[in-house]
Amino acid sequence: MDGWNPAHPPRPFFYGLEEGGFAHPTVIKRWPVIVTDCINTVLRHSTPKNTAQAGKVVAMLSALKYELDRLRPFTFAEPTAFISDQDPSTSTNTNDHETAAANWALYWKKAIADHFPTHSFLTASWLFAECLLYARIHAAFLSQSLWADFDVFLDDKKKGLRDLKDKIVRITESHEHLISTVSSDTPSETFRPHLRDLLLLSLWGNATDLSMFAGLSASEIEQMRSGASGQENIISNHIPEILNYISESGRFDPSSTTSDIPRRIDFILDNSGFELFSDLLLADYLHQTGRVQETVFHCKTIPWFVSDTMPSDFEWLLTALEDPSNFFTTSESLNPTPMKSLAARYRGYISSGAWKITSDPVWCTFWAHHHLKMEAPALFMDIKENSLLVIFKGDLNYRKLVYDCKWDVTTPFEKVLGSVGEWPAAVSLRTNKSDPIVGIPEGVEERLLAEGFSDWRWSGKLAVVEFHANV
């Protein structure tokens with residue numbers, strides 16, 4: 001890993017000017033739609049009190065949109081309150097949001113200077129450019145005190161959950177029945193099939209990534225959501241190995257009393273809304289069957305990649321489950337009892353400390369996960385020493401796991417993990433929404449292309465479940 005950095009990854013990086021993959025339409029078509037949606041959301045939430053500042057936010061977003069498809073070197077504007085020769089971390093004359101805005105600008109200006117000083121959104125690495133896109137969006141809001149804490153994507157996150165009401169109702173009723181039948185005494189032959197089903201639900205819950213829906217019609221979104229499920233569309237499938245690790249390795253034995261350290265797993269979360277809902281069902285099952293005693297949920301610190309989970313997204317999801325008739329605003333009869341029961345149990349986990357909801361700034365940087373050991377050493381060591389299994393959710397986490405570069409698709413998953421491979425065990429649950437991919441069996445890519453699936457890497461209809469353990 002010596003010398004690897006965003007501009008010099010282990011293999012060539014993907015970039016927006018390169019046609020033939022998903023980076024090009026992402027930069028040219030999807031990103032402008034996302035920024036336009038942000039502008040429209042600001043205008044929709046504008047009030048007489050905040051309208052002057054709203055205009056400044058819109059101006060910064062409009063400037064960002066203009067730059068996306070032009071070969072202009074990256075910029076990152078300094079906040080107007082920032083004095084260039086003053087260290088913002090020691091300033092006592094600025095408001096909190098001004099200090100945060102100044103620090104944010106300094107961080108990203110240095111990142112640009114260090115890695116892509118002459119590049120644009122079209123020519124820099126796709127991963128760096130996309131992270132910079134959301135950093136610039138955040139900077140626009142952070143620059144104005146009345147908008148500094150505004151989640152510009154929240155309306156869409158909630159709408160995404162409301163649109164799946166019927167599915168949520170059915171799944172909740174089924175899950176509550178399941179939970180009533182299991183315990184720490186549940187035998188492996190009963191435990192494993194339900195764990196498999198919940199892993200699949202968590203995997204395909206990732207198909208609700210709102211950033212992928214930019215520019216799609218309602219029918220296209222529904223087609224994308226419903227086009228994949230089960231195991232037949234998983235082209236690298238390590239689910240049997242995961243089941244064995246959890247049910248047979250002895251590390252998750254409910255009767256074990258050999259350690260004072262709780263049996264812990266970690267979720268590196270992706271999307272809020274339905275995907276978070278499905279992730280919590282998986283965690284709930286592992287707790288109710290006694291396999292896990294502690295779960296740590298790692299969230300983003302700021303609005304990121306449209307629908308990524310922040311700690312605040314837990315709260316509105318639990319509130320929705322506690323009062324589903326109000327949240328889903330439906331005229332149809334809805335039995336609230338299963339959702340209320342689910343929410344009450346989740347509240348209990350949180351209040352007891354069995355579930356910990358945390359966030360770290362490293363998740364909202366441009367760094368691949370190979371650099372976690374250096375960029376977030378305390379976080380890295382905590383996971384290494386205390387977690388039995390880390391579940392990486394979604395496409396962005398996958399891209400960061402594999403350094404978002406052009407590996408041969410048959411390269412083994414464990415060969416690309418870098419320092420993350422030092423952790424006891426890691427799994428990636430990822431529906432394919434971008435070009436980077438590894439761990440594919442020989443001949444699969446050729447077969448998919450021969451069958452006409454030219455978009456197999458990014459359509460969202462195929463998936464990988466990849467696993468590595470230090471056993």
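Start with the sheet: seven strands form an open sheet in the order 1-7-6-5-2-3-4, with mixed pairing. Here strands (E, at least two residues) and helices (H or I, at least four residues) are DSSP runs, numbered from the N terminus, and two strands pair if DSSP finds at least two bridges between them. Strands of a sheet pair through backbone hydrogen bonds, either parallel or antiparallel.

This is a predicted model, in which local features need pLDDT of at least 70 and side-chain atom pairs count only at pLDDT 80 or more, while totals for chains, interfaces and linings use all residues. Residues are numbered from 1 along each chain as its sequence is written, and side-chain values use heavy atoms, leaving out hydrogens and water.

**The edges.** Select strand 1 (234-237) and strand 4 (355-359). Each stands at an edge with a single partner strand, so one side of each has no neighbour in the sheet. From one strand to the next, the twist averages 15°. Angles run from 0 to 180 degrees between N-to-C directions, with axes fitted to C-alpha atoms, for helices over the stretch in contact.

**Strand 2.** Next select residues 264-268. Are they buried or exposed? Five of the five residues are buried, so strand 2 is largely enclosed by the rest of the structure. Buried means under 20% relative accessible area, exposed over 50%, and partly exposed in between (1.4 Å probe, protein chains only). Arg264, Asp266 and Ile268 point one way, and Ile265 and Phe267 the other. In a regular strand the side chains alternate between the two faces of the sheet.

**Its neighbours.** Add strand 3 (residues 294-299), which pairs with strand 2 in the parallel sense over five bridges. Arg264 stands opposite Glu294. Follow the chain from strand 2 through helix 10 (residues 274-288) to strand 3: this β-α-β crossover is right-handed, that is, with the strands pointing away from the viewer, the path from the first strand over the helix to the second runs clockwise. Then add strand 5 (residues 389-393), which runs parallel to strand 2 and is joined to strand 2 by four bridges. Asp266 has Val390 as its bridge partner there.

**Strand 7 and a helix.** Select strand 7 (residues 463-469), parallel to strand 1 over three bridges. Helix 9 (residues 239-248) lies across strands 1, 5, 6 and 7, at about 40° to strand 7.

**Last stop.** Select Lys157 in helix 5 (residues 154-162). Lys157 counts as buried at 2% relative accessibility. What does its side chain contact? The side chain of Lys157 makes a polar contact with that of Asp151 (2.9 Å). A polar contact is a pair of N or O atoms within 3.5 Å; within protein, one must be able to donate a hydrogen and the other to accept it, and residues adjacent in sequence count only if both atoms are side-chain atoms.

Terms used:
Contact = heavy atoms within 4.5 Å.
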